[in-house]
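User: Please take a close look at a single helix of this model, and then follow what surrounds it, from the interior packing to the empty spaces.

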Amino acid sequence: MRVGILGSGLMGGKLGTIFARAGHDVVFSYSRSKEKLNRLAREAGKTARAGTPAEAAQDADALLLAVHWSRVDDVLKQAGNLSGKVIVSCSLPMNADDTALVVAHTSSGAEKLAKKVPKARVVSAFGTVPSEVLFGVFAARRKARKPSLVFCGDESKSKKIAAELIHDVGFDPVDAGPLRIARYTEPFTLLIAQLAYEGDEGPELAYRFERFA
């Protein structure tokens with residue numbers, strides 16, 4: 001597939017590199033430094049290159065949205081017309097100082113994104129995985145038992161594409177249902193981040209997912 005990376009920070013940079021090494025054509029975009037994009041492309045290999053958000057979106061089978069919530073509108077504007085595009089979002093709707101979700105409980109960042117680009121096909125994925133572990137999972141992806149990764153979306157074809165990308169990173173993709181499930185996965189992601197970065201001083205975690213037929 002051709003995968004456009006909208007946001008080349010830790011998450012976008014690592015996932016884009018893994019996608020390229022798995023054989024996909026990758027375009028890195030949206031960084032303050034053009035040299036950083038060129039470096040990512042060099043390190044990712046022959047199937048990767050640097051470009052603008054519009055170039056990343058052009059002819060893309062999937063777009064990975066991996067920017068801070070405050071930059072979503074800007075990167076979408078630069079990407080141009082995204083009608084019919086599959087957007088795999090791992091962007092949490094965080095406030096400016098990253099202390100709280102600005103969209104939660106009755107909606108989600110993924111749902112808000114779908115309203116911003118109503119003709120695109122949005123899937124929420126990867127947000128529950130700290131970017132630091134991605135290369136380790138990728139390196140061990142041939143193990144008999146893979147870690148699971150939950151994703152959600154409203155359209156079957158776009159979810160199939162997201163599931164393939166999840167599989168290529170080394171996870172067992174688990175379809176959690178419609179996009180509104182992101183209302184529950186996004187707060188869960190925030191708790192996971194707090195646990196990861198605050199250690200013993202972080203919150204206790206009690207969370208349960210149930211699937212109903």
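Analyst: H1 is mostly covered, with ten of its twelve residues buried, where buried means under 20% relative accessible area, exposed over 50% and partly exposed in between, for a 1.4 Å probe and protein chains only. The buried residues of H1 are Met11, Gly12, Gly13, Lys14, Leu15, Gly16, Thr17, Ile18, Phe19 and Ala20. Helices (H or I, at least four residues) and strands (E, at least two) are DSSP runs, numbered from the N terminus. This is a predicted model, in which local features need pLDDT of at least 70 and side-chain atom pairs count only at pLDDT 80 or more, while totals for chains, interfaces and linings use all residues. Residues are numbered from 1 along each chain as its sequence is written, and side-chain values use heavy atoms, with hydrogens and water left out.

The end C-alpha atoms of H1 are 17 Å apart, which agrees with the 16 Å that its twelve residues should span at 1.5 Å a residue, the expected span being 1.5 Å times one less than the number of residues. H1 is followed by Gly23, whose phi is positive, near 110 degrees.

Among the buried residues of H1 is Phe19, and Phe19 leads on to the interior packing. Together with Phe28 and Phe126, Phe19 is one of the residues with the most contacts inside the largest nonpolar core, which has 36 residues; such a core is a set of buried Ala, Val, Leu, Ile, Met, Phe, Trp, Tyr and Cys residues joined through side-chain atoms within 4.5 Å. The largest share of this core, six residues, comes from helix H7, residues 156–169. Apart from this core lies another, of 25 residues, among them Leu6, Val27, Leu76 and Leu179. In soluble globular proteins, nonpolar side chains tend to be buried together.

Leaving aside neighbours within four places in sequence, Phe19 is in contact (heavy atoms within 4.5 Å) with Val3, Ile5, His24, Val26, Phe126, Leu165 and Val169. Of these partners, Leu165 and Val169 are among the buried residues of H7, as are Ser158, Lys159, Ile161, Ala162, Ala163, Ile166 and Asp168. H7 has 14 residues and reaches 20 Å from its first C-alpha to its last, close to the 20 Å expected at 1.5 Å a residue. Just after H7, Gly170 takes a positive phi of about 115 degrees.

H1 also takes part in the lining of an open space. The largest pocket has a volume of about 1,200 Å³. On a 1 Å grid over the protein atoms alone, a pocket is an open set of points with protein on both sides within 12 Å along at least five of seven lines, a cavity is a set of points where a 1.4 Å probe fits but cannot get out, and lining residues have an atom within 4 Å of a point. Grid points are joined across faces, edges and corners, and a volume is the space filled by probe spheres set on the points. The pocket is lined by 44 residues, of which Leu10, Met11, Ala66, Val67 and His68 lie nearest its centre. H1 (10–21), helix H2 (34–44), H4 and helix H8 (182–198) each supply at least two residues of this lining, and H8 gives the most, with eight residues. By class, the lining of the pocket divides into 20 nonpolar, 16 polar and eight charged residues, with Ala, Val, Leu, Ile, Met, Phe, Trp, Tyr, Cys and Pro counted as nonpolar, Asp, Glu, Lys and Arg as charged, and the others, Gly among them, as polar.

Ala66 ties this pocket back to H1. Ala66 sits in the loop between strand E4 (62–65) and helix H4 (72–79), and Ala66 counts as buried because its relative accessibility is 16%. Neighbours within four places in sequence aside, Ala66 is in contact with Leu6, Gly7, Met11, Gly12, Cys90 and Ser91, and both Met11 and Gly12 are among the buried residues of H1.

A search of the whole structure finds one cavity of 30 Å³ or more. About 110 Å³ of space lies in this cavity, which is lined by 15 residues, with Ser124, Ala125, Gly127, Thr185 and Thr189 nearest its centre. Strand E7 (148–153) and H8 each supply at least two residues of the cavity lining, and by class this lining has seven nonpolar, seven polar and one charged residues.
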